[in-house]
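Here's a quick briefing to read with the model open in your viewer. It goes topic by topic, so feel free to jump around.

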Amino acid sequence: MDLELTDEEMHLYSRQILLEGWDIEAQEKLKLANVLIVGCGGIGCTTAELLARAGVGKITLIDADTIEMSNLQRQIAYVEENIGFYKAEILAKRLQQINPHIRVESQTVKLDEGNAEAFIAAQDLVLDGCDNFTSRYLVNQVCKQFNVPLISASAIGFQGQLFMVEGESACYECLFPKEQHANENLRCADSGVLATTPNVMASLQAHHALLYLGLGKTALKQKLMLWDGLSMKQRLLAFEKDTDCPICQAR
Ligand SMILES: [Zn+2]
């Protein structure tokens, strides 16, 4: 792929390139970036769309689920006639319609120990928006193992969380030790969530992804952002590396 932006791309992204602090070089970095989005639900739909519009050059989507009626309340890429089809495929089609200048790949499989390395190792950034702890721990482990930056977002009810794992920083398991969650089967699929909550968190996740890819900023590295959708309050909590964390020790 051509590294330089075409005239058409310059036009498409002109409002971004006009930004003070965001130049052609930042835009070209986006064009060269490979990003994996884990989960094409409420968070993945919106994050993926924003990155596609902003000009991230290669987006890979992974989700084994098909679209259900109860998804339409918050998963903004889907409409009723998509019910029964794979989320990753429908979302990929939409991204390609939104921005034909980027490359989009869809994977309709579940991320597991057998395929995670192949999907994650070569990425410039992974965005996790999946709906279960098993995948979340696995994504964290493989990102840490191959030194791939990770921005993780979640939303349940009126609450959202966001943080980044990068380089030598603390990881998801430092923050949420696995044994404490061993008995938790809580999935977004089984609990209530307001339409806007995952979309707020996805917008913040996509925003952080652009800051990182274009400008190298790591504002939420080792910091947990908590967003409360009832009080509209946002808090940043610094957290430390857990010296007993098996994932960080394995590196
Ligand atoms: Zn750790």
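The buried residues of helix 5 pack against three elements: helix 4 (42-54), strand 2 (58-62) and strand 3 (103-107). Keep in mind that this is a predicted model. From helix 5 we move on to the core, helix 7, a helix crossing and one cysteine.

**Helix 5**
- Helix 5 covers residues 87-98, and its 12 residues should span 16 Å at 1.5 Å a residue; the end C-alpha atoms are 16 Å apart, so the two agree.
- Its buried residues are K87, A88, I90, L91, A92 and L95.
- As a bit of background, residues three or four places apart on an α-helix point the same way, because there are 3.6 residues a turn.

**The nonpolar core**
- The largest nonpolar core has 66 residues, and the members touching the most others are V35, V56, I59, L91, V126 and A209.
- Helix 9 (residues 196-215) supplies the largest share of this core, with nine residues.
- L91 ties this back to helix 5, where it is one of the buried residues.
- V126, skipping neighbours within four places in sequence, is in contact with L36, V38, I120, V139, C143, V148 and L150.
- In general, nonpolar side chains tend to be buried together in soluble globular proteins.

**Helix 7**
- Helix 7 runs over residues 133-145, and its 13 residues reach 18 Å from first C-alpha to last, close to the 18 Å expected at 1.5 Å a residue.
- Buried here are R136, V139, N140, Q141, V142, C143 and K144; V139 and C143 are also among the contacts of V126.
- Just past the end of helix 7, N147 takes a positive phi of about 55°.

**Helix 3 across helix 9**
- The axes of helix 3 (residues 24-32) and helix 9 come within 7 Å and cross at roughly 110°.
- That crossing angle makes helix 3 roughly perpendicular to helix 9.
- On the helix 3 side the contact uses A26, K29 and L30, and on the helix 9 side L213, G214 and L215.
- Sorted by class, the contact has four nonpolar residues, one polar and one charged.

**C171**
- C171 sits in the loop between strand 6 (159-165) and helix 8 (172-175).
- Is C171 buried or exposed? It counts as buried, because it has 24 C-beta neighbours inside 10 Å.
- Leaving aside neighbours within four places in sequence, C171 is in contact with N140, K144, V165, C245, I247 and C248.
- Two of those contacts, N140 and K144, are buried residues of helix 7.
- C171 and R15 are 156 residues apart in sequence and 35 Å apart in space, C-alpha to C-alpha.

Methods. Residues are numbered from 1 along each chain as its sequence is written. This is a predicted model: local features need pLDDT of at least 70, side-chain atom pairs count only at pLDDT 80 or more; totals for chains, interfaces and linings use all residues. Helices (H or I, at least four residues) and strands (E, at least two) are DSSP runs, numbered from the N terminus. The expected span of a helix is 1.5 Å times one less than its number of residues. A residue is buried if 20 or more other C-beta atoms lie within 10 Å of its own, exposed if 12 or fewer, and partly exposed in between; C-beta atoms are placed from the backbone. Two residues are in contact if their C-beta atoms, placed from the backbone, lie within 7 Å. A nonpolar core is a set of buried Ala, Val, Leu, Ile, Met, Phe, Trp, Tyr and Cys residues joined through C-beta atoms within 7 Å. Axes are lines fitted to C-alpha atoms, for helices over the stretch in contact, and angles run from 0 to 180 degrees between N-to-C directions. Angles under 35 degrees count as roughly parallel, over 145 as roughly antiparallel, 65 to 115 as roughly perpendicular and the rest as oblique. Ala, Val, Leu, Ile, Met, Phe, Trp, Tyr, Cys and Pro count as nonpolar, Asp, Glu, Lys and Arg as charged, and the others, Gly among them, as polar.
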